[in-house]
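User: Please take a close look at a single part of this molecule, and describe in one connected account how that part is built and what it packs against.

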Amino acid sequence: MLDFIRIACAVPKVAVGDVEKNANDICAFMEKADAQNVDILLLPELALTGYTCGDLFFQDALHRAVSKGLATLLDCSKEHPELTTVVGAPLRLGPKIYNCAFVIEKGDIRGIVPKTYIPGNEKRWFASGADVHFTVEPQELGLAEETEIYADVQAQCLFYKADTAYAIEICHDLMTPMAPSAKLAAAGAEIILNLSASNASAGKATERRDRVKNQSLSCDCIYAYASAGSTESTSDAVYSGHSMIAQCGKLLAESDTPVTTDYMLITDCDLGCVRTKRRRNEAYFCATEAQMSTICTQDEDLRSDGSLYPLNKLPFVPPTREARVERCLEIFNIQVAGLMRRLEVINTNAVIGISGGLDSTLALLVAVEAMRRLGRPVTDVYGVTMPCFGTSDRTYNNSWELMRTLGINSKEISIRDAVTLHFKDIGHDISVHNGTY
């Protein structure tokens, strides 16, 4: 088995309050995802009803529709047994309503995870699931008795798909100083799935992106984030439909339109990378004492073959000119600081061989800048060029122009005669340009 998992974030064109229509749309995404060998399909927060239902969340009719919508999704999942679907829906139990993620697989509910941190605008409808841990029967959800619910309703638990641990947090949970994903990752979750409904505002996309990338980096994990789309209905907000999948601080995939809906984002994620980073990160082992219940899903191998994993032709080179300049200056300043310290300690001049190539040019620029920052004259840098058979006019002229421009002390020492004598000493014909030459 390859150490890849294929994750998709789907943002349906939700019709607020029309659960039947939304359930059918989600089924269409499930069919599409399964056809592309997706292992886990993630949908937004409250995708089954719409996030912006407002006081409709108090209505019996909506919750009866949710029961039918869940039944539709469970039937659909029977037809796609290798796909795990994580979808947002409200759960009403007694006098309380919870904003939940339902984990659906093979026609059953593998787990129900309530949202932990409830922002002010949601407290009118939803209770926090922080301390919730109770059993729920299929009949309480309006589902057929033969439906299996494999776990208690609880805010923090681990799910296993094959040998891969994943866990769930919902929207605002990520925005808190003590995000549940930190504890979940410490307990072993390699993938965090976030069902979200984040509104669009100036600069917020950058903030969301930074949070997702940073959380995937600090937790050494894969972090998938799917947000409610622009067809949500409210008088004072537009919803972004922003989806992202990040891995250990690197953004693997992202929706390409600022405000969008009705699409699916798919990528392969490298579990081997996550596992290797965790093995090498000594600080990570200090945090792995967290224990929580686990729910095992299918035992079959993951389906991803890694073909959708994004590969960068130049993985260590930033993609934009601005970022490249910033990276180069960072490297340059590190080198200058290191050389300054050595020059302060040994209190000597700098002597550098100048070939006219890139390496010696960088070394010379670093030496000159170090002298300037130390308040010493640049003439304390001595450049030596040593032309021989392989020296071209271009590199020779470059080296001299560079030294004259910088105003350093410069000297030419030809090594032609010395190399010729060396060839004679080892018995090599100078006209034979082979490996020895």
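Analyst: A helix here is a DSSP run of H or I with at least four residues, numbered from the N terminus. In this predicted model, the part I have chosen is helix 7, which covers residues 321–346, and just beyond its end N347 adopts a positive phi of about 50°. Helix 7 is built from 26 residues and spans 37 Å between its first and last C-alpha, close to the 38 Å expected at 1.5 Å a residue.

Two packed helices are described by the angle between their axes and the distance between the axes. For helix 7 and helix 8, the latter being residues 358–373, that angle is about 60° and the axes lie 9 Å apart. Angles of 65 to 115 degrees would count as roughly perpendicular and those under 35 as roughly parallel, and helix 7 and helix 8 are therefore oblique to each other. Their crossing is right-handed. On the side of helix 7, the contact is made by F332, N333, Q335, V336, L339, M340 and L343, while helix 8 contributes L362, L365, V366, A367, E369, A370, M371 and R373. Sorted by class, this contact holds 11 nonpolar, two polar and two charged residues.

Within helix 7, F332, V336, M340 and L343 are buried, and the buried residues of this helix pack against helix 8. An α-helix has 3.6 residues a turn, so residues three or four places apart point the same way.

Terms used
Residues are numbered from 1 along each chain as its sequence is written. This is a predicted model: local features need pLDDT of at least 70, side-chain atom pairs count only at pLDDT 80 or more; totals for chains, interfaces and linings use all residues. Side-chain values use heavy atoms; hydrogens and water are left out. Axes are lines fitted to C-alpha atoms, for helices over the stretch in contact, and angles run from 0 to 180 degrees between N-to-C directions. Helices (H or I, at least four residues) and strands (E, at least two) are DSSP runs, numbered from the N terminus. Angles under 35 degrees count as roughly parallel, over 145 as roughly antiparallel, 65 to 115 as roughly perpendicular and the rest as oblique. A crossing is left-handed if the near helix is turned anticlockwise from the far one by less than a right angle, and right-handed if clockwise. Contact means heavy atoms within 4.5 Å. Ala, Val, Leu, Ile, Met, Phe, Trp, Tyr, Cys and Pro count as nonpolar, Asp, Glu, Lys and Arg as charged, and the others, Gly among them, as polar. The expected span of a helix is 1.5 Å times one less than its number of residues. Buried means under 20% relative accessible area, exposed over 50%, partly exposed in between (1.4 Å probe, protein chains only).
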